[in-house]
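Student: I'd like a close look at one part of this model: how the side chains sit against each other and pair up. Please spell out the cut-offs as you go.

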Amino acid sequence: MWNELITAATLLLFLTTIIYKAHIVNNGYHLFTKEYSTVLKGICCIIVVLVHIPAEHSTRIQNSIGSFAYVAVTLFFLLSGYGLNVSRRKNGYLDTFWRRRIPSLVIPMVSVNVLSVLVNIICKSDVSVIETLFTINGFTLMLGLCYLAYYFTYNNKGLNDNTKRVCVSIIIIAISIVTYTCEALIPFTVWPVPCLGFMYGLIIADYKDKIISNLNKQKLFDIHTAVLAILSGVVYIKTKDIMFFGDYVIRALLAISLISLLVKITSKIKLGNSLLNALGVVSYEIYLSHGVTMRLLDFFFPDFMPGFYIFVTLVGTILIALCLNKLDKVLVSGVKKVLIS
């Protein structure tokens, strides 16, 4: 009872952060701007933390919210694909693509790995230093593979943009299916279904104006999208244990329908405030470091009641991420200057 109440209070505090300063707007021209993307990342990173709460510290409310983590990760991939496709149109962007992207992708991961070594020493873990330092995060790996597919395809001067988009989509679907098939053999989460979001982002970037124009003509709540989301959810619950059809195809359709509903709503309701923006800025560090926070809690407070465990995990991870982000910004900026100059 108390655990559920504490969890509910924690999530209510998070919800308050989301809706603070939210307001109705007449059009959706703010969709997929840098501010919009930052806000969504801030929301998504908290949901991802919730799904990784250990079973012994889990509550029903947290577990229910965390079950939508794969949709949140799909959004992360979507926003990455969108941002990349928009940036690519800048003259000469692909020429310095890797020198710009690799530091931002890899340095935060390495920073967390170094922190993990220190935490392992504190917690007297027998995991080797070398293994920890060279640990590859599954999300980072999948995003890197998406970047790789995009770079080699869009660097091909003999293809038009439509063909390039189709080729990248085929490659990403192939990566998704292969990792889904081999997921049991992979020692970390690679999010095979959410990585499909990368190609959704590419499509949105190419058709953004048409999408926004269509949304501007619609009312706040679209019954068709809502019905699709509910129907997909019901079908998913009934079929989620069916290999490939349930836990891949229907799961992917549910993510699309829920994201469509989210975009529809946020085209009329603009979210954003300093707290949510701050979460979005450090969302990558939050995603990478929440396991570190949990290891510390498990070592120092193994008997923490679930409600408090969830609250402290979220607060602790955010504080760690804020510190890491400051360090990462300096390192990334310095490395980029060296590589691009």
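Tutor: Let's start with contact, which means heavy atoms within 4.5 Å. This is a predicted model, so local features need pLDDT of at least 70 and side-chain atom pairs count only at pLDDT 80 or more, while totals for chains, interfaces and linings use all residues. Side-chain values use heavy atoms, with hydrogens and water left out, and residues are numbered from 1 along each chain as its sequence is written.

With that in hand, take Q62. Once neighbours within four places in sequence are set aside, Q62 is in contact with T7, L50, I53 and I310. Q62 sits in helix α3, residues 60-66; helices are DSSP runs of H or I with at least four residues, strands are runs of E with at least two, and both are numbered from the N terminus. Its relative accessible area is 1%, so Q62 is buried. Buried means under 20% relative accessible area, exposed means over 50%, and partly exposed is in between, using a 1.4 Å probe and protein chains only.

I286 goes down to 0% relative accessible area, so I286 is buried too. You'll find I286 in helix α14, residues 283-300. Its contacts, again without neighbours up to four places off, are C45, V49, L279, T317, I318 and A321.

Now the nonpolar core, that is, a set of buried Ala, Val, Leu, Ile, Met, Phe, Trp, Tyr and Cys residues joined through side-chain atoms within 4.5 Å. The largest one has 86 residues, and F32, I43, F77, F139, I172, W191 and F198 have the most contacts inside it. Helix α4 (residues 69-87) gives this core its largest share, 12 residues. One of those well-connected residues, I172, touches C146, C195, L196, F198 and M199, leaving out residues up to four places away in sequence.

F32 and W191 deserve a backbone check. F32 isn't a glycine, yet its phi is positive, about 65 degrees. F32 lies in the loop between β1 (23-24) and α2 (34-51), and F32 counts as buried because its relative accessible area is 6%. W191 also has a positive phi without being glycine, near 50 degrees. W191 is in the loop between α8 (161-181) and α9 (197-206), and at 9% relative accessible area W191 is buried.

On to the charged pairs. A salt bridge needs a side-chain nitrogen of Lys or Arg within 4 Å of a carboxyl oxygen of Asp or Glu. The structure has four of them. One joins R88 and D161, at 3.6 Å from N to O. That pair ties together distant parts of the chain, with R88 in the loop between α4 and α5, D161 in helix α8, and 73 residues separating them. R88 is buried at 15%, whereas D161 is partly exposed at 37%.

D206 has two such partners. With R89, its closest N and O atoms are 2.5 Å apart. This pair spans 117 residues, from D206 in helix α9 to R89 in the loop between α4 and α5. The other partner is R165, also 2.5 Å from N to O. Here D206 in helix α9 meets R165 in helix α8, 41 residues apart. The result is a network of salt bridges linking R89, R165 and D206. Within it, R165 is buried at 11%, D206 is partly exposed at 25%, and R89 is partly exposed at 45%.

The cysteines tell another story. A disulfide is a pair of cysteine sulfur atoms within 2.5 Å, and by that rule the count is zero. Why does C182 go without? The closest cysteine sulfur, in C195, is 13 Å from that of C182, which is too far for a bond. C323 misses out because its closest cysteine sulfur, in C45, is 16 Å away. C182 is partly exposed at 31%, and C323 is exposed at 55%.

Last, the surface. Residues I102, V106, V110, V114, L118, I121, V129, I130, L133 and F134 make up a nonpolar patch with about 870 Å² of accessible area together. Helix α5 contributes its largest share, six residues. Patch residues have over 30% relative accessible area and no salt bridge, with like charges joined within 9 Å and nonpolar side chains (Val, Leu, Ile, Met, Phe, Trp, Tyr) within 5 Å; areas come from the Shrake-Rupley method with a 1.4 Å probe, and for residues only the protein chains shown count as cover. I130, in helix α6, is exposed at 54%.
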